[in-house]
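Please open the model in a viewer and keep the sequence at hand. The tour below proceeds from the whole chain to chosen parts.

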Amino acid sequence: KLHSDLDKGVGTVKYTLSGDGAGTVFTIDETTGDIHAIRSLDREEKPFYTLRAQAVDVDTKKPLEPESEFIIKVQDINDNEPKFLDGPYVASVPEMSPVGAYVLQVKATDADDPTYGNSARVVYSILQGQPYFSIDPKTGVIRTALPNMDREVKEQYQVLIQAKDMGGQLGGLAGTTTVNITLTDVNDNPPRFPKSIFHLKVPESSHVGSAIGRIRAVDPDFGKNAEIEYNIVPGDGGNLFDITTDENTQEGVIKLKKPLDFETKKAYTFKVEASNLHLDHRFHSVGPFKDTATVKINVLDMDEPPVFSKPTYTMEVYEDTPVGTIIGAVTAQDLDAGSSSVRYLIDWKNDVDSHFTIDATEGTIATNELLDRESTTQYNFSIIASKVSNPLLTSKVNVIINVLDVNEFPPEISVPYETSVCENAKPGQVIQIVTAADKDLSPAGQRFSFRLSPEASNKPNFTVHDYRNNTAGIETRRNGYSRRQQELYFLPVVIEDSSYPVQSSTNTLTIRVCRCDSDGTIQSCNVEAIFLPVGLSTGALIAILLCIVILLVIVVLYVALRRQKKKDTLMTSKEDIRDNVIHYDDEGGGEEDTQAFDIGALRNPKVIEDNKIRRDIKPDTLRFTRQRPPVEDNTDIRDFIDQRLQENDVDPAAPPYDSLATYAYEGNGSVAESLSSIDSLTTEADQDYDYLSDWGPRFKILADMFGEEESYNPDKVT
């Protein structure tokens, strides 16, 4: 209720309300100022409201007093029950746990005000699940209440938990939840066979390694605690069988380790032990966690194929054995009770050459062809045995036949030897070690013997020393050998084997006589050395060679001096009239150009080569052969020039200029020497050189030179 001191009760004051929940939750009487709640309040929804109130003049609408603020607090009542927000719960606890073993803690919440009264004070209790479990009323911790709860008896438990406020007093509100508790397994039970004896029937034809039966021990535990290991207890018949565990079914699978034979043994009895793999030490006192049962196996008789007496047969036969000779036999029997007859045949797929035959009834093997050990040393084939009563039942055995050698080849020297003996050899000196080889398959201990042939035994040159280890040494019998007298010796050696019949051969060794030093090292075995003259020593040969060398040196020096002297006679001073030719200013390669033109003919008129090819140009066509008539010692220059001009005129490969253009090479230091007529052998006969002026400007200097000479000649008749 609101009231202003200015309110006289005459209706002049009006009260207004604003703020939290005004008009929706709370309302005010404008005349009296009474505040009313217009709907239900929930403390858990909103615990307090803040409002503002004011007194206003009815006529002027003006506030009579300042606005005032007040709070309306909602007082709690126990209108909310406890709630399990995480329920329902799932928990587990190992079986056989002791009393008080912790299982789970539950918690309930109450929305009421915990600070006001007991509305939010919760107490826990079990409504369903006793006497197996208990709960702490204050903390909500659930624990086991009975010892040795067995999972194999009951595995699942459902416990109903209640939480009540007001401290559990009368009138308090309560909430419930469910806790599903599972007992987890522990290995508290050993495996047990449901029966003490297991009977199995197994055909004798069962294959080794195949499963022939199953037995099972029961373990009420679960998971790895129920895993069982089976073992055969050593005893009668247990060594023929083996047992393993099927991981999916935990059954013991019995397998065959060795083949069964009804005719040998018809029944087997042994014990099998089943035990847990994972033991719990807490339950060792309960007893051994294993069980034992007896397994009896009866072998069933089956119609089986024949059985050979050996797993494989090995036989031997000599080569060249006559066809039809029996070399051995195979034997197979029907071990069944009926004891049927057996028939034999060769597996032709492996013996396409059919070297052997077999008697279908007796099983004897005979040769069908002549055998040759040098072609095939061993035969390998299969023989099939079948029952007459049931030809489909067959068995196969492998037969190996080794072909033995007959001594049909004589021994021979294993490799060709190149034997030599020194001229200065001493008696008893070993010059060669020889070995032998035999194409026959030599048996163990066979030996070869060596000796000289009878025709060589009386010769005093060489002998054979048998070392009795399949080798022999060739030894000298005299002191010294001469190549001049005999270069080659042929030594016949007889080699004999020790087989039967004895075979022997005569092998000829060629021994060459060689020259050796004092240590026995071979220096020469050449045939040419034999023909050296008698008495000519090595020193004499060296002296002869030195003389020959000295003579060659003297000849070379003499020739060199003669050439040098000839060159010196050609050297003249610069005032010599022949210098004009040396300085002739014309095309050419100069004095040292000896490749441009062959001027060898100018050195000596007598030396004129036949078919001389020019070197100043590269001819395009085959040049004509030019015949050069011999020039007499008294031939003058004019005749020589005419001859050369004629040769060049008929030469199609010659250049358009005259070949005399290359005469610039003559003179001092030139390989062509001088062309001057001063030292020539020609006579001082009258010569006319006026024709040189008609040859053009290239020969002007030559024409002037001979013109001057002619003008000073007092004997010249003009």
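**The whole chain**

The protein chain exposes about 43,200 Å², of which carbon and sulfur atoms supply 53%; accessible areas come from the Shrake-Rupley method with a 1.4 Å probe, and for residues only the protein chains shown count as cover. This is a predicted model, in which local features need pLDDT of at least 70 and side-chain atom pairs count only at pLDDT 80 or more, while totals for chains, interfaces and linings use all residues. Residues are numbered from 1 along each chain as its sequence is written, and side-chain values use heavy atoms, with hydrogens and water left out.

Colour the chain by secondary structure: six helices and 37 strands appear (DSSP runs numbered from the N terminus; helices are H or I, at least four residues, and strands E, at least two). Of the 718 residues, 36% are buried (under 20% relative accessible area, 1.4 Å probe, protein chains only).

**Around D185**

Next, select D185, in the loop between β12 (174–184) and β13 (197–203). D185 is buried, with a relative accessible area of 15%. Show its side chain: one of its polar atoms lies 2.8 Å from the backbone nitrogen of F222. Another residue to display is N225, whose side chain forms a polar contact of 3.0 Å with that of D185 (a pair of N or O atoms within 3.5 Å; within protein, one must be able to donate a hydrogen and the other to accept it, and residues adjacent in sequence count only if both atoms are side-chain atoms).

**Helix α5**

Finally, select residues 637–649, helix α5. Among its buried residues are F640, I641, R644 and L645.

Note on methods: Buried means under 20% relative accessible area, exposed over 50%, partly exposed in between (1.4 Å probe, protein chains only). The expected span of a helix is 1.5 Å times one less than its number of residues.
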